[in-house]
Amino acid sequence: DSVFRQIAERVARKMPEIYEVTRTRAENYGDGISIYMEAILNYGYNIIEVLQTFKTKVKKEIEKQTTMNVIKVDLVAKGIHMDH
């Protein structure tokens, strides 16, 4: 799980829309892995677009760096971060 979390966090750092990845869990099935993530998003962005883009980028990076097949990525927005 820590490898997947590190990859997800690296992707998130390159996206100003993502404030923080708070949880990452991976389950291994014979033909690939399923990833569950929770993230806090920065205020002012289209949430649906951000989640979709982040999921796609994380899936691509994990497959590239681990050569594992990613069956699905579930991403839940756990909150919105607002600068004061």
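Before I describe how the pieces pack, let me say that contact here means heavy atoms within 4.5 Å, and that the angle between two elements is taken between their N-to-C directions, on a scale from 0 to 180 degrees. Please also keep in mind that what you see above is a predicted model.

With that in place, look at helix 1, residues 2-13, which lies across strand 1 and strand 2 and runs at about 145° to strand 1. Helix 2 also packs on the sheet, where it touches strand 1, strand 2 and strand 3, and its direction makes about 140° with that of strand 3.

Let me now step back to the whole chain. The protein chain has two helices and three strands, and if you read along the sequence you meet them in the pattern α-β-β-α-β. The radius of gyration is 12 Å, close to the 12 Å that the globule rule gives for 84 residues, so the chain is as compact as a globular protein of that length. Of the contacts between residues at least 6 apart in sequence, 62% join residues at least 24 apart, and buried residues make up 35% of the 84 residues.

How are the three strands ordered in the sheet? They form an open sheet with the order 1-2-3, and the pairing is mixed. Strand 1, residues 18-29, and strand 3 stand at the edges, and each has a single partner strand, so one side of each is left without a neighbour in the sheet. Neighbouring strands are turned by 15° against each other on average, if direction is ignored.

Strand 2, residues 32-42, and strand 3, residues 70-81, run parallel and are joined by 10 bridges; serine 34, for instance, has lysine 72 in strand 3 as its bridge partner. Together with helix 2, residues 47-66, these two strands make a right-handed β-α-β unit.

I would like to finish with one residue, alanine 39, which is found in strand 2 and stands opposite alanine 77 in strand 3. Is alanine 39 buried or exposed? Its relative accessible area is 1%, and because buried means under 20%, alanine 39 counts as buried. Leaving aside neighbours within four places in sequence, alanine 39 is in contact with several residues, including Glu20, Val21 and Thr22, and also Leu75, Val76 and Gly79. Alanine 39 and glycine 79 are 40 residues apart in sequence, and yet their C-alpha atoms are 7.3 Å apart in space.

Key
Residues are numbered from 1 along each chain as its sequence is written. This is a predicted model: local features need pLDDT of at least 70, side-chain atom pairs count only at pLDDT 80 or more; totals for chains, interfaces and linings use all residues. Side-chain values use heavy atoms; hydrogens and water are left out. Two strands pair if DSSP finds at least two bridges between them. Helices (H or I, at least four residues) and strands (E, at least two) are DSSP runs, numbered from the N terminus. A crossover is right-handed if, with the strands pointing away from the viewer, the path from the first strand over the helix to the second runs clockwise. Buried means under 20% relative accessible area, exposed over 50%, partly exposed in between (1.4 Å probe, protein chains only). The radius of gyration is taken over C-alpha atoms; the globule rule is 2.2 Å times the number of residues to the power 0.38.
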